Structure formats: C-alpha cells, structure tokens
Amino acid sequence: MGKTRATETVKDYDVIVIGSGIGGLTAAGLLAKAGKSVLVLESHDRPGGYAHGFKRKKYHFDSGVHLTSGCGAEGYRGGQVIHKVLQALAVEESIEFINVNPFSHAYYPGLDVALPQSIDAFVAVLAPLFPAEQAGLQALTRLCQQVAEEITIADEAMVGMDYGKAQQLMPALFKYRKATLGEVAKQFIKDPKLLGVFASNWPYLGLPPSQVSFVYWSTMFIGYMVDGAYYCKGGFQQLANTLVEGFRQHGGAILFKSPVEKILIDNGKVAGVQVKGQALLAPVVISNADIRHTVCELVGEHYFPPRYIQRIKKMQHSLSIFVVYIATDIDLAGLAIAHESFCYQDFDHNQNFACTRKGEITWLSITAPTLVDPALAPAGQHLLMLTTLLPYQAVESWAQAKPGYMDDMLKIAGRYIPNLEDHLLFVEGGSPATLLRYTKNHQGAAYGWDVSPGQVGPARLQNQSPVEGLYFAGHWTSPGGGIYGVCVSGVQAAQKVLGIRKQADFWETVALGNQA
C-alpha cells in the first residue's frame, strides 16, 4: 500500500482518539489508565459530542441527552458500565447522578401513566389498567432482562464455543436475535393500547416497535428499569468533563479546535493523523467520528476491502432530531409535570413514525431537568426541552423551516403545559442541520446506524476495522447508540486495542495500570 504523510512531524503517541464524545473519552481514559500514552483530538471547543451542554444567559442546557442508565453500583448482571468506567478512572466521587423514578411518563388519548423503575413496580402500575395482560406483561419484561444479561457475555462466550453450547448458554439471545420489538411483544401482549404504552420510549432508539431490534431495546429498557435511570447533576456536560478529568489524571492529553484532516497510512497500517498540516504519529487511531467520514475521507476507500465499503454504503443511518430549548416561569412542579414525558396522539407507534418520516410533528417528548436539578436555572424558573425525531431531508432549508417547526412543537407542548406560549423567557431551536454542523454526523444522524435487527450484534460494524491499527468507538459501531451504548463501545474499543478477550481480565489490566 502507499503512504500518506504530512509535512511536519510533532510527537509520537501510543493511541490517538479522534473525537471526544462519550465513547471516545471512555476508550481514551481506560487506555491511559492501562499505561498507554493517549491524545484526544476534538474539533469543537468542548468535549462531549451529543452529550455536550451549553449556556444561554443564566440557563444551562443539555444539547440532547435526557437520561442514562448504568451509573449506579447495582443492577442487572453485566450492567453498570458507566459506574465501572468512572471507578476505574478514580473520578466517581467527582460527579453526582440523580436517580429519576419514574423514568418516564407517557401521555395518550384518554390515558396517562408514570413508568417506574423495577420490573415489579412497572407491572404493578400497568396491570390494573390492563388486568387481562398481567401475566404476559410480566413474562415479557422478564424476557427483556434475560436478553439484556445474555448480551453482556455474548462476545467472550462465543470464543472457542460450539454453536450448540452457546445456544444453551444464551437461549433467549439466539431465539430473538433477528426479531423486532413488535414481533416479540405481540407474542405476550394482545391489547394494542398496552403494546403502545410498553414501547413508549422507542424514540430513545430512533425506530418504532416494528423496526427496532428487540435485543437492543431490551438492553435500553432494562437499563432504565433495573440499572436505574439517572440525570447528571449540572447537566451531561459534567459527565464529559469528569471523563476528561480522569483521562488527564492518568497522563492523557486533549486538544480542542483540532479537527483531523487525514488518518496517515503507511504500508497498509495506521501511522498517525494529520492536524493543521502537522503529523501526529501513533500506531493506533480510534475514531469516535462519523464512520463514513472516517473511512471514505480521513483514510480513503482504497485501503479497505471492497466488500467492507459496499457494506457501509448499504447500511441505513438513523433519523435526526429537532429540539426546542425553553426557559419559563411556569411552576412545573405544581403542574405535576415529570422529568421526562412522551406525548402521543396515537397508540400506534408505527403510525407515529410514518408521520415523522414525512416531516410531520404529531408527537414529542418534554424534558424538564430543573425538576431534579433546580440549579440549572434561576430560582422560580424552569428549563424545558421539546424533542422529536425528523429526517434531515424533510425540508430544503432548515434555516427557513425552523421557526415553523418550533411553533408547532410549542403548540403541542401547550396541551400538556397550559399557557406555555405566554410564559416563555427564552426559546431557541436546534434542527438536524445544527447536529450536522456541530458533530459532522451524516445528515445529523442522532443514533449512528439504525438499531434494526440487521444492524446490531455481529451485523453492526465492529470496533476493530480491517485496517491494522484503526478502531471505532461511538454510535456507528458496536453495540449502538445512546449514552450507555457508546460508553460500552468505548470499553470494547479499548479491549480490542489491548488485545484482551475476557472482560474480567480487561478490568484487572486497567486497574493495575502501569504495573501490568
């Protein structure tokens, strides 16, 4: 293979990470703790990717994250990954997570219900509303937990294990690995309204029940239900900042406003990156950036097997999001508004999604972070985030379309928060074009590739690429999107770089650090 070199060489590193999203920071921090010299390069002026926050006047907003799981010390077998990462970096005391229970509130015509943590509590709330469905609901939620636990051991269990034995060890995963949430849920629940309520949080994964992977849904759902749902005190920018703190404490370096221009290849292997005309050398590069951009532009298609490129070009990326950021003087606590509410006019989420695909806003989520963290706004004021999914191609000009979409979303939110439009202290909108501009994710994709059955597990692009020394972390790679998913991807990327197969051995190596 040929060589791509820049003009001026600076310093050598063991690992360079492109992008400081939560996946990239996780991988960087763990590798630094394991004794590697690591440099993170970020094009923005702050870390976090989609988890970054911003300040307007006296208000602190999250750009897009509402909740995450895996922050506590207890939960389902194989979970709690964010807690494990922060603990490994010795920064778990530098951050506070606020448990949010119920984890969401769902509104439908003639029905609104709070969805609490724990399987027993979840079933206890819904069973009186749908008494004939109690046994099926209980069985379905238990199955979700079984799948979530089996997926955590799948990678290492498959090494050297024959198909029959693996099937015995992970029966639910094998049975349902190609199924959608809709296909599985209908085996346990018959009432279409309960099917809708059960799947209320589908926008967190960007696909409706008929399209989203049951396996990936189970991981997300049980994460909130059993590991717990958490808001990061001070906003999710604090999570990114804390990961940077731990990374730096273990010798890591991070440069902002430093977009990577090229990944350098020498004889078919990664040799480093080019930034502002300078070559920064490293035998390992982890890209936390858009995967199409990484493969096709930063590296070059000709360095990859043709079938790999064909696969990337066939994969389907997720929709983007539209967000309205609001400050209001309405007493939200007095209105009994929840931290997170999903507001629908139809129990049929396939119909809701069909409208979304056409660029129509018929549903949204309302997030009120000041209910759990009042310090985000001045006393007597609250923050709101109105969020919906939208395709990037919904309009020709987002600059022109943004005010109309904001008005539509404010009107819908006003059904649940009376007189909202008369009590606006601050309003700003973020469109798919905003996401594209700040993160360079293809068409502002909110979750990387869709988490459909054909794009998760072994079918998703793995953390180690075909080019020696090139790895991926973030929502474009295994396992998928969401804060918890990208944190797991960072762990997996670090594992691959260190060449450690078993999770227990990996965490032990990280704990030993330079002593290993």
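Start by selecting Cys-355 in this predicted model. Cys-355 has 9% relative accessibility, so it counts as buried, the cut-off being under 20%.

Stay on its sulfur. Which cysteine sulfur is closest to that of Cys-355? The one in Cys-343, at 16 Å. That is too far for a bond, because a disulfide needs the two sulfur atoms within 2.5 Å. Widen the search to the whole structure and the disulfide count is 0.

Next, select Cys-144. Buried or exposed? Cys-144 is buried, because its relative accessibility is 0%.

Now move to the sheet. Colour β7, β8 and β15 to β19. These 7 strands form an open sheet with mixed pairing. Read across it in the order β8-β7-β16-β17-β18-β15-β19. Where does the sheet end on either side? Select residues 111–115 for β8 and 424–430 for β19. Both are edge strands, and each pairs on one side only. Ignoring direction, neighbouring strands are turned by 15 degrees against each other on average.

Zoom in on one pair within the sheet. Select residues 364–367, strand β17, and residues 382–390, strand β18. The two run antiparallel, and 3 bridges join them. Show Thr-367 and look across to β18: the residue opposite is Met-385.

Last stop: residues 432–439, helix α16. Which strands does helix α16 lie across? They are β15, β18 and β19. Add residues 320–328 to display β15, then compare directions: helix α16 runs at about 100 degrees to β15.

Methods:
Residues are numbered from 1 along each chain as its sequence is written. This is a predicted model: local features need pLDDT of at least 70, side-chain atom pairs count only at pLDDT 80 or more; totals for chains, interfaces and linings use all residues. Side-chain values use heavy atoms; hydrogens and water are left out. Two strands pair if DSSP finds at least two bridges between them. Helices (H or I, at least four residues) and strands (E, at least two) are DSSP runs, numbered from the N terminus. Axes are lines fitted to C-alpha atoms, for helices over the stretch in contact, and angles run from 0 to 180 degrees between N-to-C directions. Contact means heavy atoms within 4.5 Å. Buried means under 20% relative accessible area, exposed over 50%, partly exposed in between (1.4 Å probe, protein chains only).
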